Structures are given as structure tokens and as C-alpha cells.
Amino acid sequence: MKLKRYRLEVSFEWLLSEVGTMHWADFTAQRLAETREGPYVSCSGITPSGDFHIGHLREILSAEMIHRACLDAGLDSRYIFIVDSMDPLRRVYPFLSEDYQQYIGCPLAFIPAPDSDGRPSSDGRSYAEHFLEPFLQALAEIGVFPEVIMNHLTYADGLFAEKIDSAIEYANEIKEIIESISGRELDDNWFPYKPLGSDGSMDGVTVTGYEKPYVHWTDKNGNSGSADIRKAEGKLPWRIDWAARWGIHGVTCEPAGKDHGAAGGSFDTGLPICRILGSSPPEKMVYEWIQVKGAGPMSSSSGNTIGPLETLSIVPPEILRYIIARSKMNRHIEFDTGGMMFVIADEYERLVANPPKKKEGMSKRKEISVDTRLAARRLSQTERGFEPKGTISFRHLAMLAQIKNSDTDIWNSLRNSGHLSGEPHKALQQRLLRMRNWIRSIHFPEDARIHIRNKIDDEVREKLSEEQKKFLKKLAIEFGKIDWTEDLISSTIRNTASEFGIEGRESYTVLYWAMLGRNNGPKASALLLEIGLEDAIDLLNS
RNA sequence: GGGCCUGUAGCUUAGUCAGGUAGAGCGCCGGGCUUUUAACCCGGUGGCCGUGGGUUCGAAUCCCAUCAGGCCCGCCA
């Protein structure tokens, strides 16, 4: 019986990774609709023990996208974010002062937030709130608005009481499950509930008895007391807490990081424990980690985490969502704020501008691929149901932001090129702001930086034919005769080129070699205008 | 020590459950367009499917071994 169940779970897991079927979010929604009754509750859970990092976004977005897919499929769905505020402080982290030693073992909801020096502050905010707030702010920027549930309040409201009582009643069975599935050995005085001692810490507290609803204890200081299971006076150990909350909140789907998902991990023990506690668990679903790499030369020496807020100061929110939406759950994502951003942004922009369509005679496999990409496009929108329009490209903006210091000049340029009519929309202004932040940061890839030459590179000089050299010299002379406007620059280039019998394409290539040391670049006349008449003439004569 | 996931073109990857000539996007090369805002359009190049065995008429796919990267089995979420 047990074995049979296990096989089913494995098979679901396999199907989940099988994106060939369709997008994982839509697949999961469909699967949920087929296998259980609504309402459907997608859930994420994170411990606010310190700064949130980019990896947490996968936890959040995986669940949120499944929630959206449920809504899109017409299902009754909610998305909840359970903050593990009842979890204890494990140790004094590097960013905390030694003062936190006294709080080890205490729930994060009940200890003070650190101030900028890492000391306990007295502004009344809890440690949990302190780290949660900026994260929620980041989530709002990517269009994620979860129902936030502080776990310590669920304890305080007595919602855990029944589960705690059952856990104590079935303590032996639960112990057996944990020992057999995880392979761990629990010692003899193991108890499925951890009361807080006299100093508010759950470390070193020994349970001495249970009389519903009180768990009696003695702590390391020799004090004794009783914890009311209907209040936040103690908590279930993690593996049981997780299983219990599935029942309490009616969770139907909770993607878990691969640490939980590994064989013998907390997901595997959670499933049977949840059943023992009288509820039906969600099906196993595991996502891979996001790894940060190539974040620039600084990152390797100075730690390579990047926070959601820092990420969002340089990456457009829909691109961030797309990074999650385009990847299968069981694939690593190598997060890179450098050159990879261009590649992903290009891909996203193409997908937006040119949504794939099914065609007559297309193979089944290709049709599936079309569906999957359309779903990724849909789920990347910060606003559900928003139909994105093609916009100014990421690359183009990167270039403009580098050659033009004034935002006004950029808007004018975009109007000239037909990318913009009237005043820039707020979203576009934000995009430019992020782009400027990115360019200023260490993350911006070196090879995307535009380095305007003040003299022609030696290598380039060797490549140039005599004709081409003459062309550049002549161009310098002609430039000296005109008003320095884009139109005149442009026509002068063409006129001079034809004088030398150089084709249009070649004349530009030669110019780019001279100006940038590469084959192509931003519109030559615009670039020359930015360089300025004198510098341009100097360059061409060099 | 035990177990799980991943390894496919220069890059990102689809295909692996149910074995049947390895698909795509980017890059690159060529052509077209011609005021080139890294644009756009068309065409092409490119893979001993980590490695070695086995099963099979036939293996990226199944089995065994092995290498590489990551993770879990320490109440750690």
C-alpha cells in the first residue's frame, strides 16, 4: 500500500518535469483540476532569517504562476505566502552583533529587528518584519501580491491546536515515519512539539508531560512551566509544522526547493505525516536552485548573492518573471546580470513582438512548443491578462543610455526613430532608470560598453585600404563645411562615399571601425553628433 | 557511506516516462534591403546526445559502470 502510493508520487514528479506536455504551470493547474476538488491554494513558505535573495524568487514565482494558471483555467484559486515567523533564530549571523546571542532559539517574530549596526533596535519592529518588508516591496514590483500569513499568528490564533494534539497522540507513528524515510534517528525524549522556555527560547527545553491543551516543560535554567498549544507558546518541529499547515490552510500545491525535495527530505516525510494528522497533502513538486554566476569580477571576491531589490533596480520586472517562466522546474537557472540579460531580453522581446502561431501540418511536438512559449509569455506579465506590445528593445536602450546623458535627448531620439510618440510612459521611464543603473553598476558587461575612440586603432588602420583611408580624411574635410546636424552628417557620409565609389554598407562599416573599433554600432550620424564636430574631425584625421 | 537531480551545436536548450533518420532560438557565415538606432528578410554552417560497456534489427532514450556539477540523509528551512 505504502509502496503503491510512493510510485504514484514519483510518477507525478516525473510528469511535472515533462514540460514537453505543456508549460509546467498550466500542466499543474490541469492536473490539480483532474485530481482534486477546489478551492485551490498555492503556497510558498520562507523563513525571514536574513536578507532575501534572488533564489527566493523562484519559490515565490513558481507558486504564483501556478496560481495564475489555475485562475486562467477558470479555477477558484488563492495564493498564500506563509512567513515562518515562528522559526527560531539559529545562530548569530555575520550581519548581527553579539547581542543576538541571547535570542538564539527564540521565534523570529518575538525578537527585535537589527539596526544598521546589527544591534537589536528598539523601534518596535520584529526581526521577521524587518526582513520581510523589503521583500514584499520587491514582490509588488514583479506583480506578486500574495496573501501573507505570519505563521506565529496562526499559532497564536489556535489554528495549530488540533494538529498539535494529533501529533502528540500519534507521536510514535510520526517518529517512525521520520526515522524510516529520512534515515535519521530521533532520541528517546523526542517530542513532536517544542515549547518556549522561560527566556522565550525553545533550545534546551525538555517536555515533562502533556495534559491537553498544556505541554509541561523544564528549561535549561531549571525553570518549569506549561505551554498552551492554542497559543504561540511553542511550535511543531519543521517536518511536522509543514505537514500540519498543509491541512490548516488547505494547501493544494506547494513547490519546494530541491533541498526539501531530495529523497528522504521533508517533502517525503511531510506527505504521510499530513495524512496521519487527518488531511490530504499536496502532491510533490520540486524546483531547482537559481545560481548566481558571472555577476562581474567583484562578485567572486565579495560574495555572490544579489538581492531581489538590487536585481529589480537593474532588471525589468517582466524579464525577471520570464527567466523563471521560460525554465523547466527541474533545471538549474544560472542567474547572470551581465551579458545573459541581453540574450534573455532579446528572446522575450521577440516572443512579445512575434508570438508563435500554430500552423497547418505542424508536428505535435512543435505545437506543444508553441503552447509552452505562449504560456511563458503570458505568465511573464506583471499584470495578469495584460497583452504586451512590442517596445523599444533592451539593446537599443542600452546603447542610447550610453551615448546620451540627457533623458530628454533619448526621448527625442526615440520620437525621431518612430519608437515613441508623445511623452514617455511611466513604464518606459522606469526602464531607462533601470538601464542607467545597470550601466553604472559592475554588472554591465564590458563588451556591451560603447568606447568611443579618440584616435583610430592601429589594428584598424592596418585593415583599411588606401581608398578607405582617403575616404575618412575627405570626410573630415567635408564635415568641417557643414552645420552639425544629423541629417547633414548623414547625407555627407553618403555623398562622400559615392565620390570614392564606396558602397553604402562599406562606408558605414569603415566609420564604425574608426569610431568604435567594431563592425557595427548605433546609427552613425547620431553617434557622430554625440561625439561632436571637433572630436569627430580629430578622430578621422588621426 | 546511502540516495536524488543534471550533463545534447560556441551559448541557451527541446526531445528521455511509452527505443525508430537529433529539433529550435541565439551566435557565426553568405545574400537581400540601402539614411544601419547592434534593425529587418532569406539562406547556410554547426552535434562520436559527459565517457565506457550491455540489451536490441535499431539506443540521446532502457540496463550496468564511470566521470563532472549540484542537492539531501546533521531538527536544517
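Asp 84 is buried in this predicted model, because its relative accessible area is 3%, which falls under the 20% cut-off for a buried residue. Asp 84 sits in the loop that links strand 2 to helix 4, and its C-alpha atom is separated by 18 Å from that of Pro 114, a residue 30 positions away along the chain. The points below begin with the strands around this loop, then turn to a separate sheet, and end with the two largest pockets.

**Strands 1, 2 and 3**

- Strand 2, which covers residues 77-83, has six buried residues out of seven, so this strand is largely enclosed by the rest of the structure.
- Strand 1 and strand 2 are paired in the parallel sense, with seven bridges between them, and within this pairing Ser 44 is found opposite Phe 81 of strand 2.
- To get from strand 1 to strand 2 the chain passes through helix 3, and the resulting β-α-β crossover is right-handed.
- Strand 2 also pairs in the parallel sense with strand 3 (residues 147-150), here over four bridges, and Ile 82 has Ile 149 of strand 3 as its bridge partner.
- The path from strand 2 to strand 3 leads through helix 4 (residues 127-141), and this β-α-β crossover is likewise right-handed.

**The open sheet of strands 5, 6 and 7**

- Three strands make up an open sheet in the order 5-6-7, and their pairing is antiparallel.
- Strand 5 (206-211) and strand 7 (224-228) are the edge strands, and each has a single partner strand, so one side of each is left without a neighbour in the sheet.
- On average, neighbouring strands of this sheet are turned by 25° against each other when direction is ignored.
- Strand 6, made of residues 214-218, is joined to strand 7 by five bridges, and the two run antiparallel; in this pairing Tyr 214 stands opposite Asp 228 of strand 7.
- As a general point, the strands of a sheet pair through backbone hydrogen bonds, in either a parallel or an antiparallel manner.

**The largest pocket**

- The largest pocket holds about 850 Å³ of space, and of the 26 residues that line it, Glu 318, Phe 386, His 425, Ala 427 and Leu 428 are the closest to its centre.
- Helix 13 (317-325), helix 14 (340-353) and helix 18 (426-440) each contribute at least two residues to the lining of the largest pocket, and helix 18 gives the most, with five residues.
- When the residues that line the largest pocket are sorted by class, eleven are nonpolar, seven are polar and eight are charged.

**The second largest pocket**

- The volume of the second largest pocket is about 570 Å³, and its lining consists of 25 residues, with Gly 45, Thr 47, His 56, Asp 259 and His 260 lying nearest its centre.
- Two or more residues of this lining come from each of strand 1 (40-46), helix 3 (56-72), helix 8 (238-249), strand 9 (256-257) and helix 9 (258-261).
- Strand 1 and helix 3 therefore appear in two places in this briefing, as contributors to the lining of the second largest pocket and as parts of the β-α-β crossover that leads to strand 2.
- By class, the lining of the second largest pocket divides into eleven nonpolar, eight polar and six charged residues.

Note on methods. Residues numbered from 1 in each chain as written. Chains lettered and ligands numbered in written order. Predicted model: local features only at pLDDT ≥ 70, side-chain atom pairs only at ≥ 80, totals over all residues. Heavy atoms only, no water. 1 Å grid on protein atoms, 1.4 Å probe; cavity = no way out; pocket = protein on both sides within 12 Å on 5 of 7 lines; lining within 4 Å. Points joined across faces, edges and corners; volume = space filled by probe spheres on them. Nonpolar A, V, L, I, M, F, W, Y, C, P; charged D, E, K, R; others polar. Pairing = 2+ DSSP bridges. Axes fitted to C-alpha atoms, helices over the stretch in contact; angles between N-to-C directions. Buried < 20%, exposed > 50% of the residue type's maximum accessible area, 1.4 Å probe, protein only. Right-handed = clockwise from strand over helix to strand, strands pointing away.
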